[in-house]
Amino acid sequence: MKVIRKIIQIDEALCDGCGNCVPACAEGAIEIVDGKARVVADIYCDGLGACLGECPRGALALVEREAEEFDEHAVEKRLAARSGAEAPPAAPAGRIFPLAGEGCPSRRMVRAFDTASAAAPEAGEAAGSGGEESALSHWPVQILLVPPEAPFLRGADLLVMADCVPVAFPSLHRDLLRGRRVMIGCPKFDDREAYVEKFSRVFREAGIRRVTCVTMEVPCCGGLPQIVRQGLKRSGAEIPLEEVVISVRGKILERKPAA
């Protein structure tokens, strides 16, 4: 299905076929064909633009146009075929399976692990004493890196969080993260439309049960609940949404169901 999204465009007049962009593309979307770099197929390009800084001629640009949706499974098969290996299996709990080929490790690993045995901290136990355990149950966590079809999202309670929150909120793991899957990012510096589209796919495909959106009290965080609401609207899904606001001193200022 074609959608309006960001994707790499290559100016053949500027391209000299040096090939620097080829290894920079973790998805293997770029090849040198007849002496020029070309995007093999839209479905292989995720539109993140990791290759942009590798071209000495400035032939690569990130544009927004109608294109086939990025297909993570097609990328896995393509990279596996190029390496002569079978496509990696789904990751069981506690294991990491990098996709075949080169690329950013944080993007390439999708991991889920069991936190059922993580003991809740004893009353009065000091943070950092060794008694508290992480409530994080998967990797990656960045909004742009989590694939909508990630197994750990299926039927999950989702925590969408501004990436400053973990620094300010000392009891995050105990009070908000335990039992939830998390996606974090910055609504000020990251691509708003990419966020909206990512959430719309997650809400449409993953069977999310409820969403909690956590932001800081500062103005630049205000866009994140709007992005989540837009993603919900675009997906057509009916999912309960709660909004939580944290102060810069790490206190919960507000906690309310979204209108």
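**Reading helix H7 and its surroundings**

In helix H7, the buried residues are Gly-223, Leu-224, Pro-225, Ile-227, Val-228, Gly-231, Leu-232 and Ser-235.

Colleague: Before we examine H7, what kind of model is this?

Modeller: The model is predicted.

Colleague: How should one read the pattern of burial along a helix, and which elements cover the buried residues of H7?

Modeller: An α-helix has 3.6 residues a turn, so residues three or four places apart point the same way. In this structure, Leu-224, Ile-227, Val-228, Gly-231, Leu-232 and Ser-235 are among the buried residues of H7. Their cover includes strand S7 (157–162), helix H6 (192–205), strand S9 (210–216) and strand S10 (241–246).

Colleague: What span does H7 reach from its first C-alpha to its last?

Modeller: H7 runs over residues 223–235, 13 residues in total, and reaches 18 Å, close to the 18 Å expected at 1.5 Å a residue. Just after the helix, Gly-236 takes a positive phi of about 80 degrees.

Colleague: Which residues of the largest nonpolar core touch the most other members?

Modeller: They are Phe-203, Ile-208 and Val-228, in a core of 43 residues. At least two residues of this core come from each of S7, helix H4 (165–168), helix H5 (172–177), strand S8 (181–185), H6, S9, H7 and S10. Val-228, a buried residue of H7, touches Val-160, Phe-199, Phe-203, Val-211, Cys-213 and Leu-241, once residues up to four places away in sequence are set aside. A second, separate core has 21 residues, among them Cys-15, Ala-37, Cys-45 and Cys-51.

Colleague: With cysteines in view, how many disulfides does the structure hold?

Modeller: The structure holds zero disulfides. The test is a distance: two cysteine sulfur atoms must lie within 2.5 Å. For Cys-18, the closest cysteine sulfur is that of Cys-55, and no bond is assigned because the separation of 5.8 Å is too far. Likewise, the sulfur of Cys-186 has its closest cysteine sulfur in Cys-220, at 6.2 Å, which is too far for a bond.

Colleague: Are Cys-18 and Cys-186 buried or exposed?

Modeller: Cys-18 counts as partly exposed, because its relative accessibility is 41%. Cys-186, at 14%, counts as buried.

Colleague: A polar side chain may also be buried. Where is Ser-137 found, and with which side chain does the side chain of Ser-137 make a polar contact?

Modeller: Ser-137 is found in the loop between strand S5 (111–112) and strand S6 (138–139). Its relative accessibility is 3%, so Ser-137 counts as buried. The side chain of Ser-137 makes a polar contact of 2.9 Å with the side chain of Arg-181.

Colleague: How should a strand pairing be read, and in what sense do S2 and S3 pair?

Modeller: One considers the direction of the strands and the bridges between them. S2 and strand S3 (residues 36–39) pair in the antiparallel sense over four bridges. Val-33 has Lys-36 in S3 as its bridge partner. Two residues lie between the strands of this hairpin, where Asp-34 takes a positive phi near 55 degrees.

Colleague: Which residues is Glu-31 in contact with?

Modeller: Glu-31 lies in S2 (residues 30–33) and is partly exposed at 30% relative accessibility. Beyond its neighbours within four places in sequence, Glu-31 is in contact with Val-22, Lys-36, Ala-37, Arg-38, Val-40 and Arg-78. The side chains of Glu-31 and Arg-78 are joined by a polar contact of 2.5 Å. Glu-31 and Gly-19 are twelve residues apart along the chain, and their C-alpha atoms are separated by 7.8 Å.

Notes: Residues are numbered from 1 along each chain as its sequence is written. This is a predicted model: local features need pLDDT of at least 70, side-chain atom pairs count only at pLDDT 80 or more; totals for chains, interfaces and linings use all residues. Side-chain values use heavy atoms; hydrogens and water are left out. Buried means under 20% relative accessible area, exposed over 50%, partly exposed in between (1.4 Å probe, protein chains only). The expected span of a helix is 1.5 Å times one less than its number of residues. Contact means heavy atoms within 4.5 Å. A nonpolar core is a set of buried Ala, Val, Leu, Ile, Met, Phe, Trp, Tyr and Cys residues joined through side-chain atoms within 4.5 Å. A polar contact is a pair of N or O atoms within 3.5 Å; within protein, one must be able to donate a hydrogen and the other to accept it, and residues adjacent in sequence count only if both atoms are side-chain atoms. Two strands pair if DSSP finds at least two bridges between them.
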